[in-house]
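Reader: I have a structure to study and a list of terms I only half understand. Can we go through why each term is used?

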Amino acid sequence: RVYLAGFSMGGYGVYRTCFKDPAKYRGLIVLAGLPRIPGNKQPLEAIDFTRKEHQKKFRGVPLFIAHGTADLNCPFLLTAGLVKELKRCGARVEFMVEPGVGHTITPAMLLRAGEWLAKQLPPEPIPRP
């Protein structure tokens, strides 16, 4: 019953951690997350999740992804493209777009992420007298 959640570079960490062993995790929450590490000099262990060969591991994985369209730190279009490809690969993605929002977590994102998470969890057992 382990879910991963992260913001910004922590969002990249969520993708990276799940990629290593997707069977360990029940779902992912990524808020304004990076799908790849920026820059030309990449660490050896870096993975670019905008590449199709790296998206296949997310087949069947439930994801909640939220991103603002005015994000200058983590470009919205990278996330929008990733969401499209993850869905094509069979990931179960709910994508929340925040028009005009920059690199931040909004109360609306937190509310929707919480609602999404509640839908993922099994119902509470009925107490027996």
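Author: Start with the salt bridges. This is a predicted model, and the structure holds five salt bridges.

Reader: Why is the pair E85 and K52 called a salt bridge?

Author: Set the value against the cut-off. The N to O distance between the side chains of E85 and K52 is 2.9 Å. The limit is 4 Å, from a side-chain nitrogen of Lys or Arg to a carboxyl oxygen of Asp or Glu. The distance of 2.9 Å is within 4 Å, so the pair is a salt bridge.

Reader: What does the pair of E85 and K52 tie together?

Author: E85 lies in helix α3 and K52 in helix α2 (residues 52–55), so the salt bridge ties together parts that are 33 residues apart in sequence. Helix α3 spans residues 76–88.

Reader: Why is E85 called buried?

Author: The relative accessible area of E85 is 14%. Buried means under 20%, so E85 counts as buried.

Reader: And K52: what is it called, and why?

Author: K52 has a relative accessibility of 45%. That value falls between 20% and 50%, so K52 counts as partly exposed.

Reader: Which other residues does E85 meet?

Author: Leave out residues up to four places away in sequence, and E85 touches K52 and Q55. There is also a polar contact between the side chains of E85 and R88.

Reader: What makes E85 and R88 a polar contact?

Author: Their side chains are joined at 2.6 Å. The cut-off for the N or O atoms is 3.5 Å, and 2.6 Å is within it, so the distance condition is met.

Reader: How do you know that R112 and E94 form a salt bridge?

Author: Their closest N and O atoms are 3.3 Å apart. R112 sits in helix α4 (residues 107–120) and E94 in strand β4 (residues 92–98), 18 residues apart, so this pair links distant parts of the chain. R112 is at 30% relative accessibility, so it counts as partly exposed. E94, at 21%, counts as partly exposed too. The buried cut-off is under 20%, so 21% does not qualify.

Reader: Which salt bridge does E94 form with K119, and at what distance?

Author: The closest N and O atoms of E94 and K119 are 3.6 Å apart. This pair also links distant parts of the chain: E94 is in strand β4 and K119 in helix α4, 25 residues apart.

Reader: Why is K119 called exposed?

Author: K119 has a relative accessibility of 60%. Exposed means over 50%, so K119 counts as exposed.

Reader: Now the strands. Why is strand β2 called largely enclosed?

Author: Strand β2 covers residues 27–31, and five of the five are buried, so the rest of the structure largely encloses it. G27, I29 and L31 point one way, and L28 and V30 point the other way. All of these residues are buried.

Reader: How do you know that β2 pairs with β1?

Author: Count the bridges. Strand β1 (residues 3–7) and β2 share five bridges, in the parallel sense. Pairing needs at least two, so five is enough. In this pairing, G6 stands opposite V30 in β2.

Reader: What makes β2 and β3 a pair?

Author: β2 and strand β3 (residues 62–68) have four bridges, again in the parallel sense. At least two are needed, so these strands pair. V30 stands opposite I65 in β3.

Reader: Which elements make the right-handed β-α-β unit?

Author: β1, helix α1 (residues 9–20) and β2 make it.

Note on methods:
Residues numbered from 1 in each chain as written. Predicted model: local features only at pLDDT ≥ 70, side-chain atom pairs only at ≥ 80, totals over all residues. Heavy atoms only, no water. Buried < 20%, exposed > 50% of the residue type's maximum accessible area, 1.4 Å probe, protein only. Polar contact = N/O pair within 3.5 Å; in protein donor to acceptor, adjacent residues only side chain to side chain. Contact = heavy atoms within 4.5 Å. Right-handed = clockwise from strand over helix to strand, strands pointing away.
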